[in-house]
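Grab a coffee and work through these short exercises on charged pairs. Try each task yourself before you read its solution.

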Amino acid sequence: MNVKGTIVLLLAASAAFAQQVLVPPYLQPGNYPALTSEGKVVIWQTDSVPGTFVVEYTTGTQFEQAKKISRCKVTVTPLTLNKKTTLLYRSQLGKLKFDQDYIYRVLQNGTVVSTATFRTRTRKPETRFAVFGECGARSPQQAKISWLVNEQKPDFVLVTGDIVYNNGREQEYRRNFFPYYISAKSDSSVGSPIMKNIPFYMLVGNHDIYSADLTKYPDGLAYFYYNDLPLNGAVPQATIEVKGTPAQVEAFKKSTQPRFPRMTHFSFDHGNVHIACLDANSYVNPLDPAVIDWLANDLRNSKADWKIVSYHHPGFNSSKAHYDYQLMRLLSPVLEQLGVDMVLTGHVHNYQRTFPLTFEPKKDSTGTQFVISKEGRVDGKFTLDQEFDGVTKTKPKGIIYIVTGAGGAALYDKEMSAKPFMWKHEPQENWVPFTVKMVSDVHSYTLIETKGKTLQLRQLDARNQLIDQITVTK
């Protein structure tokens, strides 16, 4: 064989064994709940070909001007799913300064794979963040929302669940989710690279746990592979039941520790906002003592100006879709006692906002047990603050409940948008006119900004048009 032929064969062999990046590097919040220490986690995934990676970072936005470049440890977890092995990499950027710009890069054998900047959390009495849910549906609207949110440059993104359709599988994340949020370019038709620069705090929804049977979905429950969130929450008495062969279950738990099952409840601080995130799936008792004790201590110990709770399934929803599932209403008196200002939910694929309200769930004749119908309805006594308008009357009496589930999946009850006469349900013990705004005929996202004792909520649609706005003051 001549020299030219030998070179061609060597190049072909090199290409055949080159490592392929399946999920580009993206940023995660890591286990940093309080404003006492700061860090971030970088995650990426490749095929089964081993590679040598290095992660470097420094303050500022350019490596060329850096006085000191730090390196951090890279760990790798082999995932053998659907009879195919991939490698999931993690690198923790620790001991970061607050209110500081950083730049990081991932290198493979000396070649830069990815470079991005981010800003650490602030300790100032302000913040700016985006919220949406029902997003990983591989839709043009999902791409538009990603692009629009990236243009807003929020401090972080809160995803209210149903991250990936239909079942929360690893292959669905790679096909239906990451391409829209780690896109090579920022464009309304394809999405944006937002997750390279801005951390996502993601809640577990019902679609995210439909793949808990690993015999049917070997790559199921990928929420616990791809997220790296605070681990300060309670572990409820009932958690996700992982099914499969003993070997499958053991491999899953080994690959997801310490995140499974603890990561479904967590809280964190950013600026003057404290957000507690709960698992509202049907296997969890909303009044589980372990969760209530943790939540009470968590919220009482917070000195933040604004206390927000977020979970997937709304208790107060005027759509036809998912109306009967109201178990999270049982939590309302607890949240009221703990001084919660706002609750952010998803599940229903539209946008809804309630009047500020308080709710007393109905009990049986003994006064000791809550009355819950077989469908999951919870009757009770409503008190609405109908004087609050978010413009001239900005101090609410009660909690404002938001449904923001129009992040990309097909919309629910389009015909009900801006038609209050269609929102009515029976009986009066189960529904009163608590919904003041419903926009169900267009995809949208929520943008929340706080400055001291003032909070502004804006709802923006896929055309970036303002469809709702309120100001809340203390």
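**Exercise 1.** Find how far apart the closest N and O atoms of Asp305 and Lys453 are, and place the pair along the chain.

Step 1: Asp305 and Lys453 form a salt bridge (a side-chain nitrogen of Lys or Arg within 4 Å of a carboxyl oxygen of Asp or Glu). Their closest N and O atoms are 3.1 Å apart.

Step 2: Asp305 sits in the loop between α7 (289-300) and β14 (306-310), and Lys453 in the loop between β21 (444-451) and β22 (454-461), so the pair links parts 148 residues apart. Helices (H or I, at least four residues) and strands (E, at least two) are DSSP runs, numbered from the N terminus.

Step 3: Asp305 is buried at 16% relative accessible area, while Lys453 is partly exposed at 46%. Buried means under 20%, exposed over 50%, partly exposed in between (1.4 Å probe, protein chains only).

A word on the source: this is a predicted model, where local features need pLDDT of at least 70, side-chain atom pairs count only at pLDDT 80 or more, and totals for chains, interfaces and linings use all residues. Residues are numbered from 1 along each chain as its sequence is written, and side-chain values use heavy atoms, with hydrogens and water left out.

**Exercise 2.** Work out which parts the Arg169 and Asp219 pair ties together.

Step 1: Their side chains meet in a salt bridge at 2.8 Å, N to O.

Step 2: Arg169 lies in the loop between β10 (156-159) and α3 (170-181), and Asp219 in the loop between β11 (200-202) and α5 (223-226), so the tied parts are 50 residues apart in sequence.

Step 3: Arg169 is buried at 15%, and Asp219 is buried at 0%.
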